[in-house]
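Here are my comments on the model you sent, set out point by point so that you can follow them with the structure open beside the text.

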Amino acid sequence: MRVALVRSEVAKILSTRLWWGLLIGAVVYVALSALATALTAGMDPGGGQPGSAPLGEPEAYRAVYASSLFSGTYIFAMILGITSMTGEYRYRTITPTFLATPRRGLVVAAKMVAHLLAGVVYGAVGLLAALVAGGITVAARGASLGLGTDRLWESVRLAVLAVALWTLVGIGIGTLIRNQVAAVLIAVLVTFLVEPLATFLLASIDLDWLVRWLPTNASAAMTSPGSSFVDYLDWWVGALVLAGYAAVAAGLGMLLSVRRDIT
Amino acid sequence: MAERGSRIDVDGLTKRFGAATAVDDLTFSVEPGRVTGFLGPNGAGKTTTLRCLLGLVEPTEGSVRIGGQRYRDLTDPLSRVGAALEAADFHPGRSARDHLRVIALAAEVDRSRVEELLGLVGLADVAGRRVGGFSLGMRQRLALAQALLGDPGVLLLDEPANGLDPAGIVWLRGLLRTLAADGRTVLVSSHVLGEVQQSVDEVVVISHGRLVHQGSLAELSTGPTTVRVRTPSPEALCDALEEATPEPLADGALRFTGVSVRDVGRAAFEAGVELHELTEESSDLESRFLDLTTDGAPR
């Protein structure tokens, strides 16, 4: 891997306004999510549903900080990844890109490295938003901030890693589907609609073992282990599965899409 | 100065897109040290040929070589070949400087070269502005800067004069001459003969994906120039110009072949013949070009 190519990809991200537009979206989403989670911690949702853990318990702090940081950031990180490929086709910058680097696979690899870094930055900024919005709300409710909570930082690290892996999934999708609007729409529909539906349906016909391998559940294995009716994978298996989805999509994209003529 | 450019060889190149044949068994070569015009009407297959040369489009048949190598096998391609394909290959939200920097980073070209080229193409003052607000002429200049980034010995320019103002075209002409004088290989495509007429040493003319002419521009034109004359006393003029045979034209004028305007003028003056019109009819290069490229039949 040539460092120069990664630097070029980083420069591409930083030289248009998309990255901070998406980052603002993530920060707002994380802040609202942390605020709502901290406000409702320990409340009884009614109807016999189990309530969330009250502030003071490690589970509550993990939800306020780590889960909010992940759930508010990963879609934006994924879109950043998708557009890094599709934007090149959309604005035809793929021509100068492939002229500078005729070995097209190297370009995709460099994008993956650059966006792994960008994903970590998104996760870190998301954490900051969760700490500020969540922390203020927790303090306003008179509870301790809970920053020394057992295993909180391990969860935070995993959440940041999961966000970074979702940018890779995005690159995989963008490599496979050249059209930007189609790629973003399909990705968002799949993660928000198709996957939850599939999870529900498969679980209800006793195919739980299959459900764990879906991308969203693989990443949930990293960010909210043991908090759902799905029997999640170990966190590191989940991370590998997520990276595997990115690699398979990018590999298929290399075969089916990236090799095609640039006219 | 030593020749820095490489020879371009297109050999039996054919490219089909589905049922449509864009380039049909095309063979020609381009030598370093001169400016070669790559001419043909829109849709003749010029851009497809250039994209094949650059490894962006995979040939259906035949081979394309630059200095004996395929583009994708070149190490450091931008230092060997520079291309300005279309003035549309920019992210509208990225500044001109950042566009060049992104490529310079990938090609490991020094950053100072970016500033140097922005100055050379006259974009230094607007380098920080987003390309989305650029005119076609400014985009052409940016595309040219991009092509020159790696200081390559081979330049492939697709319709570089499009959108340039007259002063820009004069500037471009001078730049191309300088680049070729350095020993570089310069291939410039155009669908307008007049655009390149004054700046090319040699032409490759294609039509419907086939080669119709390769050689000097002079070889393209045929026949001697002619002189058109209008006079109230044609017989007296014909007597004075006995070495030339006139051809009467429908509007009453006469056309002489094989004499210059000066010959006709002097003969008329010496014989005291009154002239109402004396015109040298322009060389028929343009119409010859049209003939070559519209019937599509290879010679």
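1. In this predicted model, helix H5 (residues 136-148) of chain B lies across S5 and S6 of chain B, and its direction is at about 170 degrees to S5(B). Helix H1 (residues 46-53) of chain B lies across strand S3 (34-39), strand S6 (154-158), strand S7 (185-190) and S8 of chain B, with an angle of about 150 degrees between H1(B) and S6(B).

2. The strands under these helices belong to an open sheet of six strands in chain B, whose order is S5-S6-S7-S3-S8-S9 and whose pairing is mixed. Strand S5 (81-84) and strand S9 (210-215) of chain B are the edge strands, each of them pairing on one side only, and from one strand to the next the twist averages 15 degrees.

3. At one end of that order, strand S8 (residues 202-207) of chain B pairs with S9(B) in the antiparallel sense, over five bridges. If you wish to check the register by eye, take Ile206(B), whose bridge partner in S9(B) is Leu211(B).

4. Strand S1 (residues 8-17) of chain B has two antiparallel partners that deserve to be looked at together: seven bridges join S1(B) to strand S2 (residues 20-30) of chain B, and five bridges join S1(B) to strand S4 (residues 61-66) of chain B. Asp9(B) shows both pairings, since this residue stands opposite Ser29(B) in S2(B) and has Arg65(B) as its bridge partner in S4(B). S1(B) and S2(B) form a hairpin with two residues between them, and Gly18(B), in the turn, has a positive phi of about 60 degrees.

5. Is Thr245(B) buried or exposed? This residue lies in the loop between helix H9 (234-240) and strand S11 (246-248) of chain B, and Thr245(B) counts as exposed because 12 other C-beta atoms lie within 10 Å, where the cut-off for exposed is 12 or fewer. The C-alpha atoms of Thr245(B) and Val196(B) are 35 Å apart, although the two residues are separated by 49 residues along the chain.

6. Turning to chain A, the axes of helix H2 (residues 18-40) and H5(A) come within 8 Å and cross at roughly 35 degrees, in a right-handed crossing. The residues in this contact include Trp19(A), Leu23(A) and Leu39(A) of H2(A), and Ala118(A), Tyr122(A) and Val138(A) of H5(A); by class, the contact has 17 nonpolar, three polar and no charged residues.

7. Helix H5 (residues 104-140) of chain A also meets helix H10 (residues 235-258) of chain A, where the axes come within 11 Å and cross at roughly 145 degrees, and this crossing is right-handed. Arg104(A), Gly105(A) and Val108(A) of H5(A) make the contact with Ala250(A), Met254(A) and Val258(A) of H10(A), a set that divides into four nonpolar, one polar and one charged residues.

8. Which helices of chain B supply at least two residues each of the side that touches chain A? Across the interface, 29 residues of chain B are in contact with 23 residues of chain A, and the helices in question are H2 (77-80) and H3 (96-107) of chain B. H3(B) gives the largest share of that side, seven residues, and by class the side of chain B that touches chain A has 16 nonpolar, five polar and eight charged residues.

Conventions. Residues are numbered from 1 along each chain as its sequence is written. Chains are lettered from A and ligands numbered from 1 in the order in which they are written. This is a predicted model: local features need pLDDT of at least 70, side-chain atom pairs count only at pLDDT 80 or more; totals for chains, interfaces and linings use all residues. Two residues are in contact if their C-beta atoms, placed from the backbone, lie within 7 Å. Helices (H or I, at least four residues) and strands (E, at least two) are DSSP runs, numbered from the N terminus. Ala, Val, Leu, Ile, Met, Phe, Trp, Tyr, Cys and Pro count as nonpolar, Asp, Glu, Lys and Arg as charged, and the others, Gly among them, as polar. Axes are lines fitted to C-alpha atoms, for helices over the stretch in contact, and angles run from 0 to 180 degrees between N-to-C directions. A crossing is left-handed if the near helix is turned anticlockwise from the far one by less than a right angle, and right-handed if clockwise. A residue is buried if 20 or more other C-beta atoms lie within 10 Å of its own, exposed if 12 or fewer, and partly exposed in between; C-beta atoms are placed from the backbone. Two strands pair if DSSP finds at least two bridges between them.
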